[in-house]
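Please walk me through this structure, starting from the overall chain and moving on to its metal sites and aromatic rings.

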Amino acid sequence: MSDNKEVITCPACGNYMQKIFMPEAGVNIDICLDGCGGILFDNREFQKFDEPHEKIDEILAAIKDKTFIKVDENEIRTCPLCKVPMVKMGAGSAGVQIDVCNVCGAKFLDNGELQKIRTNGEEEDSDRLDSLMNSLYSDNLKNVLGNIQVPSKTSSRRKFFEDLVYKLIIK
Ligand SMILES: [Zn+2]
Ligand SMILES: [Zn+2]
């Protein structure tokens, strides 16, 4: 199933969800703007938004300055599309649990979870970059250049290498 058209009720709080069109990804997502702030992604939609470089401006604009009701995140949710119980699954490495429907692939994220998953991905990248840079400098360059100091994070030479490594190896 992709991009449901019907108005659906929030699996966490039962309020009607509102559709927001995400122009970059070309899909509609459902947000619980009048209730808990949860977001429902249809099958395959979530992967268009879980990386830090993917745009979620429309989501952020929609939830800005809103206060959402608190919901019990441990409760078993029911998929609003298939009416079957959703399964809790870890997403990213931030310890975030999302609800997944094993029938249609829909994913429900509580308010704030999407941001956590995305930020964590960013930190992970920068951690990987850090250890990669350190091993590049301290292991390889040391052999060639002798005992050199790893340039500080703000040095422009290091920045140049980091950008290069990031573009060529990580991305
Ligand atoms: Zn809700
Ligand atoms: Zn479903």
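**A chain with two zinc sites**

Cys-13 is partly exposed, with a relative accessible area of 24%; buried means under 20% relative accessible area, exposed over 50%, and partly exposed in between, using a 1.4 Å probe and protein chains only. The model is predicted, so local features need pLDDT of at least 70 and side-chain atom pairs count only at pLDDT 80 or more, while totals for chains, interfaces and linings use all residues. Residues are numbered from 1 along each chain as its sequence is written, chains are lettered from A and ligands numbered from 1 in the order in which they are written, and side-chain values use heavy atoms, with hydrogens and water left out.

The chain has three helices and six strands; helices (H or I, at least four residues) and strands (E, at least two) are DSSP runs, numbered from the N terminus. Read from the N terminus, the order of these elements is β-β-β-α-β-β-β-α-α. Of the 171 residues, 38% count as buried. Among contacts in the chain with a separation of 6 or more, 51% are between residues 24 or more positions apart, where contact means heavy atoms within 4.5 Å. About 9,900 Å² of the chain is exposed, and carbon and sulfur atoms supply 51% of that area; accessible areas come from the Shrake-Rupley method with a 1.4 Å probe, and for residues only the protein chains shown count as cover.

Cys-13 belongs to the site of the zinc ion (ligand 1), whose protein donors are the SG atoms of Cys-10, Cys-13, Cys-32 and Cys-36, lying 2.2 to 2.3 Å from the ion. Donors are N, O and S atoms within 2.8 Å of the metal (3.2 Å for Na, K and Ca); water is not among the atoms, so sites may look incomplete. Along the chain these donors follow the spacing C-x2-C-x18-C-x3-C. Cys-13 lies in the segment before strand S1 (18-22) and Cys-32 in the loop between strand S2 (27-31) and strand S3 (39-41), so the pair ties together parts that are 19 residues apart in sequence. Cys-32 is buried, at a relative accessible area of 0%.

Why is the arrangement around the zinc ion (ligand 1) tetrahedral? Its four donor atoms subtend angles of 92 to 123°, and four donors count as tetrahedral if all angles lie between 85 and 135 degrees.

The zinc ion (ligand 2) has as protein donors the SG atoms of Cys-79, Cys-82, Cys-101 and Cys-104, at 2.2 to 2.3 Å. Their spacing is C-x2-C-x18-C-x2-C, and angles of 104 to 115° among the four donor atoms make this site tetrahedral too. Cys-79 counts as buried, at 0% relative accessibility, and both Cys-101 and Cys-104 are buried. The count of disulfides is zero, a disulfide being a pair of cysteine sulfur atoms within 2.5 Å.

The structure also holds two aromatic pairs. Rings of Phe, Tyr and Trp (its six-membered ring) pair if their centres lie within 6.5 Å; planes under 30 degrees apart count as stacked, over 60 as edge-to-face and the rest as tilted. The rings of Phe-41 and Phe-46 have centres 5.4 Å apart and planes at 55°, so this pair is tilted. For Phe-41 and Phe-49, the centres are 5.7 Å apart and the planes at 35°, so this pair is tilted. Phe-41 and Phe-46 are buried, and Phe-49 is buried as well. Ring pairs link Phe-41, Phe-46 and Phe-49 into a cluster.

Notes: Four donors count as tetrahedral if all angles lie between 85 and 135 degrees; four count as square planar and six as octahedral if opposite donors are over 155 degrees apart and all others between 65 and 115; anything else is irregular.
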